[in-house]
Amino acid sequence: MGKKILQNLFSGYLKFLKKTITIQWQEKQISDGKQIFGFWHEDSFFMNLVLEELAEQAGPIDVIVTADKRGDYIEHMIREYGGNALRVPDGFAAFAELKKILQNSYEQMRSIAVALDGPLGPRHEPKKLAFYLAEHEQEEFVGITVSYSCCLRLFWRWDHYAIPLPFTTVMVAAHDYGEVQKKQTPKLPIEAETAECDILLKDA
């Protein structure tokens, strides 16, 4: 019961944001069709709205999500906004699942999105997964960065998770880095260029 209430709370707040926020695209370099999207884990909440809009041009987008209980809430929101969550376990068990993901992606021509520094950080230190997927699939890698005119930040979390406030202006930059290799990864900016009004919530 508690899980269902939280899922509805998160989804309801995101729907309210969709009606009240303003998205300003600083850059929107995406192609039609399949590509690999990467974003910072702290922006996972708002990325539901970003990916929903990108899917109008890129087509269906699958989002890689942790297989543990934390992923249940993420998957619920992704599905609410027309996406599909791919549950991947941590550690060595991930290899078999990633093999299936690559095969399905190839057959169905679906884009893939992944939190670059997820699932557990360190913050803003990208792992190789997104670049491995781009290299393996020979698809373009698109890095997405986000800034908020005002947001709550859960600073006790490793990622400083961001929750934008209603009537906020959100700056989004989607930059196409072309085909990349996991051994020669591009340097991504931490945020789109806009001043932030962060409200830090302390752990009680």
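## A loop with two cis bonds

Where does Pro122 lie? Pro122 sits in the loop between β5 and α5, and Pro119 has its place in the loop between β5 and α5 as well. Before going further, keep in mind that this is a predicted model. Each of these prolines comes with a cis peptide bond. The bond from Gly118 to Pro119 is cis, with omega near 0°, and the bond from Gly121 to Pro122 is cis too, with omega near 5°.

Who meets this stretch of chain? Leaving aside neighbours within four places in sequence, Trp158 is in contact with Asp117, Gly118, Pro119, Leu120, Gly121, Pro122 and Arg123, and with His41. Trp158 belongs to the loop between β7 and β8 (161-164). With a relative accessible area of 27%, Trp158 is partly exposed. Its partner His41 is 117 residues away in sequence, but the two C-alpha atoms are 9.7 Å apart in space.

## What fills the inside

Now for the nonpolar interior. The largest nonpolar core has 35 residues, and the ones that touch the most other members are Phe37, Phe46, Leu51, Leu54 and Ile144. Helix α2 (residues 44-58) gives this core its largest share, 8 residues. There is also a second, separate core of 19 residues, with Trp40, Val88, Leu102 and Leu133 among them.

Phe37 is a good place to start looking around. Not counting neighbours within four places in sequence, its contacts include Ile30, Leu54, Ala58, Ile61, Phe141 and Ile144. Phe37 also meets Ser111, Ile112, Ala113 and Val114. Of these, Ser111 lies in strand β5 (residues 111-115). Is Ser111 buried or exposed? Ser111 is buried, with a relative accessible area of 1%. Besides Phe37, Ser111 touches Gly33, Lys34, Gln35, Ala58, Pro60, Ile61 and Asp62, again leaving out residues up to four places away in sequence.

## A helix with a buried side

Follow the chain to helix α5 (residues 129-137), where Ala130, Phe131, Leu133, Ala134 and Glu137 are buried. Those five cover an arc of only 160° around the axis, so they are on the same side of α5. The general rule behind this is simple: an α-helix has 3.6 residues a turn, so residues three or four places apart point the same way. Right after α5 comes Gln138, which has a positive phi, near 55°.

## Charged pairs across the chain

How many salt bridges does a search of the whole structure find? It finds 11. One of them joins the side chains of Glu80 and Lys15, at 3.4 Å from N to O. Glu80 is in helix α3 (residues 70-80) and Lys15 is in helix α1, so this pair ties together parts 65 residues apart in sequence. Glu80 is partly exposed at 37% relative accessibility, and Lys15 is partly exposed at 45%.

Another salt bridge pairs Lys28 with Glu53, where the closest N and O atoms are 3.3 Å apart. This one links strand β1 (residues 22-28), home of Lys28, to helix α2, home of Glu53, across 25 residues. Lys28 is partly exposed at 37%, and Glu53 is partly exposed at 27%.

Then there is the bridge between Arg153 and Glu42, at 3.0 Å from N to O. Arg153 is in strand β7 (residues 151-154) and Glu42 is in the loop between β2 (36-39) and α2, so the pair ties together parts 111 residues apart in sequence. Are these two partners buried or exposed? Arg153 counts as buried at 4% relative accessibility, and Glu42 counts as buried at 3%. Elsewhere, salt bridges with shared partners join Asp72, Glu75, Arg79 and Arg87 into one network.

## Out on the surface

Over on the outside, Leu6, Leu9 and Phe10 make a nonpolar surface patch of about 250 Å². Phe10 has its place in helix α1 (residues 2-20). At 30% relative accessibility, Phe10 counts as partly exposed.

Two more residues have a positive phi without being glycine. One is His160, with phi near 55°, in the loop between β7 and β8. His160 is partly exposed at 28% relative accessibility. The other is Phe167, with phi near 65°, found in the loop between β8 and β9 (169-176). Phe167 is exposed, with a relative accessible area of 64%.

Technical notes: Residues numbered from 1 in each chain as written. Predicted model: local features only at pLDDT ≥ 70, side-chain atom pairs only at ≥ 80, totals over all residues. Heavy atoms only, no water. Core = buried A, V, L, I, M, F, W, Y, C linked by side-chain atoms within 4.5 Å. Buried < 20%, exposed > 50% of the residue type's maximum accessible area, 1.4 Å probe, protein only. Helix = DSSP H or I, 4+ residues; strand = E, 2+ residues; numbered from the N terminus. Contact = heavy atoms within 4.5 Å. Patch = residues over 30% accessible without salt bridge, like charges linked within 9 Å, V, L, I, M, F, W, Y side chains within 5 Å. Areas by Shrake-Rupley, 256 points an atom, 1.4 Å probe, with all protein chains shown as cover. Salt bridge = Lys/Arg side-chain N within 4 Å of Asp/Glu carboxyl O. Arc of directions from axis to C-beta.
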